[in-house]
Structures are given as C-alpha cells and as structure tokens.
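Please look over the sequence and the model before you begin. The exercises below each set a task and then work through a solution step by step.

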Amino acid sequence: MPVVSITLLPGYAAETQHRMVNRLAQAVRSVIDTPEAGTTVFVNEVSTYRRDGKVFSEGRAAHPVASDLVRDFLQAMQSRDLAHAQSFLSPDFRMCFPGGVVMHTLDELTAWAAQRYSHIGKHYEQFEESWQGDVTVVFCHGSLQGTWLHGESFEGIRFIDRMEVRGGQITRQDVWNDLAEHRKA
C-alpha cells in the first residue's frame, strides 16, 4: 500500500494542501492498483530549506482551481459580460468550434454566433480536470438551450468543452456539440 509524503514550506492554506493530497492520491491510484483505503498521503511542514545556495522560508503561490476558473469564464460568456470573460484569457488564446472554425477573440466569437442563434445557455452536468505538466485540462459537458434566429427555442443539445489553463489563464478552448444537427432539423 503506497504512502506518499509531501514536504512544504509554511504558508499554504489548508484548502491548497487538501487539493494537493487528493490529487496525489488520485495520481498514485491511476498508476498502482490499490484501493482508496490503502493509499496514504500526508503533508510535512518545514520552516526553511536551502537549494542552489539560496535559503527559502515560504512557498510559492497556489494555482487557482482550474475548473472554477473555467466555470466563471463560461458564466461571464453566458451573461454576455465580455470584459469580465476576457480577463480569464491568455493573450495567445485560441478557440476551435465545430466545423474547424478557429478564432482568437471574443468579438470574433460573438459575430460568428450571431449568424447561428440569438441566445444560448449551458446546463453543466460535470467538470473534470487532468494535469499535463504546467497545463490543467478541464473538460465540461452538459446540454445547450437557447433560441434560434427565427425565434424557436431549443434545449437538450449535447456539448463538450475542453479548456487548457496555464498560469491561471485559459489558453485554449475546443468545443464539440450537436447544434448543427439540430439546426438542420
């Protein structure tokens, strides 16, 4: 049964330590066939340490929870608060929508969407995170509801968004949905 020990400098919030031990336990269980009850992860705190000729006595800042950041961005988009939504995006942000439509700005997105529907909203079923080096990938899925350009409403249309978060900013968004299938009908 695996036992993982983390040594941290002081100053990390309890919530940050909680996220860290849970993620490490998940990582261990993704590699080793061990039950939840057989996986132990704990945190040690040290007051100071020395590395590369320098002495350190406090840790670095914790990253925001990437799925919370993505949820807040999507909520700002749904509310059409584009200035707030923009604050979540990296300067090199890239988004790709069904049909291979690639855009880099929210203005491009709203102009493109204005040709497809007059209003859209999302019902979220789940957010999931995976970690790839310094990038957190967030998947969210659920259903779309809204109003077509001719005034008829729609609902229950499946979607999946895949977002990449680096350094507290969204760098990429990939969108898959069945909107075009329903639009044809």
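Helices, which are DSSP runs of H or I with at least four residues, and strands, which are runs of E with at least two, are numbered from the N terminus. The model examined here is a predicted one.

**Exercise 1.** Describe helix α2, its span, its buried residues and the residue that follows it.

Solution. Begin with the extent of the helix: α2 covers residues 66-78, which makes 13 residues, and reaches 18 Å from its first C-alpha to its last, close to the 18 Å expected at 1.5 Å a residue. Next, list the residues of α2 that are buried, which are Ala66, Ser67, Leu69, Val70, Phe73, Leu74, Ala76 and Met77. A general point helps in reading such a list: an α-helix has 3.6 residues a turn, so residues three or four places apart point the same way. Finally, move past the end of α2, where arginine 80 follows with a positive phi, near 60°.

**Exercise 2.** Which residues touch the most other members of the largest nonpolar core, and which element gives the largest share of this core?

Solution. The largest nonpolar core has 34 residues, and Val70, Phe73, Phe154, Ile170 and Leu179 are those that touch the most other members. Two or more residues come from each of α2, β5 (89-97), α4 (106-113), β7 (117-132), β8 (135-148), β9 (153-166) and β10 (169-177). Among the contributing elements, α2 supplies the largest share, 7 residues. To see one member in detail, take valine 70, which, once its neighbours within four places in sequence are set aside, is in contact with Phe127, Val138, Met163, Val165 and Ile170. A second core, separate from this one, has 5 residues, including Leu8, Val21, Ala25 and Val41.

**Exercise 3.** In what order do the 6 strands of the open sheet lie, and which helices pack on the sheet?

Solution. The order is β6-β5-β10-β9-β8-β7, with mixed pairing. The edges are held by β6 (101-103) and β7, and because each has a single partner strand, one side of each is left without a neighbour in the sheet. Averaged over neighbouring strands and with direction ignored, the turn of one against another is 20°. Within the sheet, β8 and β9 run antiparallel and are joined by 12 bridges, and leucine 144 stands opposite isoleucine 157 in β9. Turning to the helices, α2 packs on the sheet by touching β5, β7, β8, β9 and β10, and its direction makes about 170° with that of β7. Helix α4 also packs on the sheet, where it touches β5, β6 and β7, and its direction makes about 25° with that of β5.

**Exercise 4.** Is methionine 163 buried or exposed, and which residues does it touch?

Solution. Methionine 163 lies in strand β9. The cut-off for buried is under 20% relative accessible area, so methionine 163, at 0% relative accessibility, counts as buried. Leaving out residues up to four places away in sequence, methionine 163 touches Val70, Phe73, Leu74, Thr136, Val137, Val138, Ile170, Arg172 and Gln173. One of these partners, threonine 136, is in strand β8, and at 15% relative accessibility threonine 136 also counts as buried.

**Exercise 5.** How do strands β1 and β2 run, and what is the hand of the crossover between them?

Solution. Strand β1 (residues 3-8) and strand β2 (residues 40-45) run parallel and are joined by 6 bridges. Leucine 8 stands opposite glutamate 45 in β2. The chain passes from β1 through helix α1 (residues 14-31) to β2, and this β-α-β crossover is right-handed.

Notes: Residues numbered from 1 in each chain as written. Predicted model: local features only at pLDDT ≥ 70, side-chain atom pairs only at ≥ 80, totals over all residues. Heavy atoms only, no water. Expected span 1.5 Å × (residues − 1). Buried < 20%, exposed > 50% of the residue type's maximum accessible area, 1.4 Å probe, protein only. Core = buried A, V, L, I, M, F, W, Y, C linked by side-chain atoms within 4.5 Å. Contact = heavy atoms within 4.5 Å. Pairing = 2+ DSSP bridges. Axes fitted to C-alpha atoms, helices over the stretch in contact; angles between N-to-C directions. Right-handed = clockwise from strand over helix to strand, strands pointing away.
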